[in-house]
Amino acid sequence: VAKKCTQTLIEIVFNDLKPATKQLFQSAWHDPSGSGLALQIVETMRDYMSDWQQFLNPSILDLLIEDLLDAFLVAYLDALAIATKLRMNIAADRIREDVSEAFQFFSTLKPAKELEAYFEVIELVLALLEASKDLVFLSFKEFAKVHGPNLSFVEGLMKARDDLDRSAVSEVMDSIKRRVKEEG
């Protein structure tokens, strides 16, 4: 019952956040004014949590925090997965800013040390995005150790990078696929 309750509350929050999450990694996000998207998302979550902290049973509140954190990370990664063009001269720094905003918010609800394990996935994704064409496999290997060889996700990231043309993406993915096959 508690899990169903928290899922309903999360649905309410993310229904309000749809307009902002749809803009993540789109052209507006790359603009200087787009840095406000993460803040808008965080402030919306903060508003809901401040209201709910007053009334929810502590054990339900703990579940809600876990579910909210998971939902945020999934929404952020889902938005990144469907990104069509990442301006890499801006994107990596913007992702760091977004993650910093979210991390600061969640650290008011949960110990920062515990949060590091949750946000590690974003760090691994950033490593993939920032790796040179010749070194993407090393970043992929670290990502795959923890999250499995999600080739379609990684290929989507590579295709979205504006610093890699179509042939470079093909080279990177062929290399990754070959090495995955070789290493099992």
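A salt bridge is a side-chain nitrogen of Lys or Arg within 4 Å of a carboxyl oxygen of Asp or Glu. By that criterion, a search of the whole structure, which is a predicted model, finds 12 salt bridges. The largest nonpolar core of the model has 66 residues, while the largest pocket holds about 160 Å³ of space and the largest cavity about 30 Å³. The points below take the charged pairs, the core, one backbone feature and the empty spaces in turn.

**Charged pairs**

- Side chains of opposite charge can pair when their charged atoms come close.
- Lysine 110 and glutamate 66 form a salt bridge through their side chains, with an N to O distance of 2.2 Å; because lysine 110 sits in the loop between α5 and α6 and glutamate 66 in helix α4, the pair ties together parts that are 44 residues apart in sequence.
- The two partners of this bridge fall into separate burial classes, since lysine 110 has a relative accessible area of 11% and is buried, whereas glutamate 66, with a relative accessible area of 23%, is partly exposed, the cut-off for burial being under 20%.
- Glutamate 130 and arginine 96 meet in another salt bridge between their side chains, at 2.7 Å from N to O, and this pair links distant parts of the chain, with glutamate 130 in helix α6 and arginine 96 in helix α5, 34 residues apart.
- Both members of that pair are classed as partly exposed, glutamate 130 with a relative accessible area of 42% and arginine 96 at 37% relative accessibility.
- Within a single helix, the side chains of lysine 113 and glutamate 116 make a salt bridge of 3.6 Å, N to O; both residues belong to helix α6 and stand 3 residues apart, which is about one turn of the helix.
- In this pair lysine 113 counts as exposed at 67% relative accessibility, while glutamate 116 is partly exposed, with a relative accessible area of 42%.
- Salt bridges with shared partners also join Glu66, Lys110 and Glu114 into one network.

**Nonpolar core**

- In soluble globular proteins, nonpolar side chains tend to be buried together.
- Among the 66 residues of the largest nonpolar core, those with the most contacts inside it are Phe14, Phe25, Met45, Phe72, Leu86, Phe106 and Met158.
- Many helices take part, as α1 (2-23), α3 (36-53), α4 (58-81), α5 (88-106), α6 (112-130), α7 (136-147), α8 (151-160) and α9 (166-183) each supply at least two residues of this core, and α4 gives the most to it, with 13 residues.
- Phenylalanine 106, one of the residues with the most contacts inside the core, is in contact with Met45, Ile65, Leu68, Leu69, Phe72, Leu115 and Phe119 when its neighbours within four places in sequence are left aside.

**Backbone at phenylalanine 25**

- Phenylalanine 25, which is also among the residues with the most contacts inside the core, lies in the loop between α1 and α2 (27-30).
- The phi angle of phenylalanine 25 is near 65°, a positive value in a residue other than glycine, and the residue is buried, with a relative accessible area of 1%.

**Pocket and cavity**

- Rolling a probe the size of a water molecule over the atoms shows where empty space is left.
- The largest pocket, with about 160 Å³ of space, is lined by Phe137, Phe140, Lys141, Ala144, Lys145, Pro149, Arg179, Val180, Glu183 and Gly184.
- The elements giving two or more residues to this lining are α7 and α9, with α7 contributing the most, 5 residues.
- By residue type, the lining of the largest pocket divides into 5 nonpolar, 1 polar and 4 charged residues.
- The search of the whole structure finds 1 cavity of 30 Å³ or more, and the lining of the largest cavity consists of Phe14, Thr21, Leu24, Ile41, Phe72, Ala75 and Tyr76.
- Helices α1 and α4 each supply at least two residues of the cavity lining, the largest share of which, 3 residues, comes from α4.
- The residues lining the largest cavity divide into 6 nonpolar, 1 polar and no charged, and Phe14 and Phe72, which are among them, are also listed among the residues with the most contacts inside the nonpolar core.

Note on methods:
Residues are numbered from 1 along each chain as its sequence is written. This is a predicted model: local features need pLDDT of at least 70, side-chain atom pairs count only at pLDDT 80 or more; totals for chains, interfaces and linings use all residues. Side-chain values use heavy atoms; hydrogens and water are left out. A nonpolar core is a set of buried Ala, Val, Leu, Ile, Met, Phe, Trp, Tyr and Cys residues joined through side-chain atoms within 4.5 Å. Buried means under 20% relative accessible area, exposed over 50%, partly exposed in between (1.4 Å probe, protein chains only). Helices (H or I, at least four residues) and strands (E, at least two) are DSSP runs, numbered from the N terminus. Contact means heavy atoms within 4.5 Å. On a 1 Å grid over the protein atoms alone, a cavity is a set of points where a 1.4 Å probe fits but cannot get out, and a pocket is an open set with protein on both sides within 12 Å along at least five of seven lines; lining residues have an atom within 4 Å of a point. Grid points are joined across faces, edges and corners, and a volume is the space filled by probe spheres set on the points. Ala, Val, Leu, Ile, Met, Phe, Trp, Tyr, Cys and Pro count as nonpolar, Asp, Glu, Lys and Arg as charged, and the others, Gly among them, as polar.
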